[in-house]
Amino acid sequence: EMLTRDWSSDVCSSDLKKDRVAALNAAIASANMRSMQAAASYFDMCVQGDSPSQEALLSYALFREEARQYDLALQILAKHDSLYGRTLEAMVAKARILDKKGASSQAVQAYREILSSGFALPSDLSRFVRARVGMAN
């Protein structure tokens, strides 16, 4: 799964923001080229400070997930949630990572939270989550 960027959301108002955007671009490019050490360094740069972007945190969590570093990915998602609140994308990532980690009961609870979150779920995601919760019953 390749990481992607939403170029339309870039409004660079400061050098710091420009540096973080550049670091995120470099991180995503490095990850896509499987240059993992470089990608990790760039991701570390773009999530430093008090308010890294949602995109940087979610992309970094996905990077750590793909590297099977599930606990790190979950820590990054927790930081995302503390800064930005719960989002559907982060909730799905958390549930998926818990599943991959083998924490089945925690994963099912995370999937249940998705169903009760109030977010509008695409039909394929809704079917998957309902099936996953149903498997646990």
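In what order do the elements of the chain run from the N terminus on? They follow the pattern α-α-α-α-α-α-α. In this predicted model, the chain contains seven helices and zero strands.

The chain has 137 residues, of which 39% count as buried. Its accessible surface comes to about 7900 Å², and carbon and sulfur atoms account for 52% of that area. Where contacts link residues at least 6 apart in sequence, 48% of them join residues at least 24 apart.

The interior may be approached through the largest nonpolar core, which comprises 37 residues. Within this core, the residues that touch the most other members are Phe43, Phe63, Leu77, Tyr111 and Ile114. At least two core residues are supplied by each of helix H1 (15-32), helix H2 (36-46), helix H3 (54-66), helix H4 (70-84), helix H5 (88-101), helix H6 (104-115) and helix H7 (123-136). The largest share, eight residues, comes from H5.

H5 itself merits closer inspection. This helix has 14 residues and reaches 20 Å from its first C-alpha to its last, close to the 20 Å expected at 1.5 Å a residue. Its buried residues are Leu88, Ala90, Met91, Val92, Ala93, Ala95, Ile97 and Leu98. Just after H5, Gly102 adopts a positive phi of about 90 degrees.

Tyr111 returns the reader to the core, being one of the residues that touch the most other members. Leaving aside residues up to four places away in sequence, Tyr111 touches Ala95, Arg96 and Asp99, together with Phe128, Val129, Arg132 and Val133. Of these, Ala95 is among the buried residues of H5.

Key:
Residues are numbered from 1 along each chain as its sequence is written. This is a predicted model: local features need pLDDT of at least 70, side-chain atom pairs count only at pLDDT 80 or more; totals for chains, interfaces and linings use all residues. Side-chain values use heavy atoms; hydrogens and water are left out. A nonpolar core is a set of buried Ala, Val, Leu, Ile, Met, Phe, Trp, Tyr and Cys residues joined through side-chain atoms within 4.5 Å. Buried means under 20% relative accessible area, exposed over 50%, partly exposed in between (1.4 Å probe, protein chains only). Helices (H or I, at least four residues) and strands (E, at least two) are DSSP runs, numbered from the N terminus. Contact means heavy atoms within 4.5 Å. The expected span of a helix is 1.5 Å times one less than its number of residues. Accessible areas come from the Shrake-Rupley method with a 1.4 Å probe; for residues, only the protein chains shown count as cover.
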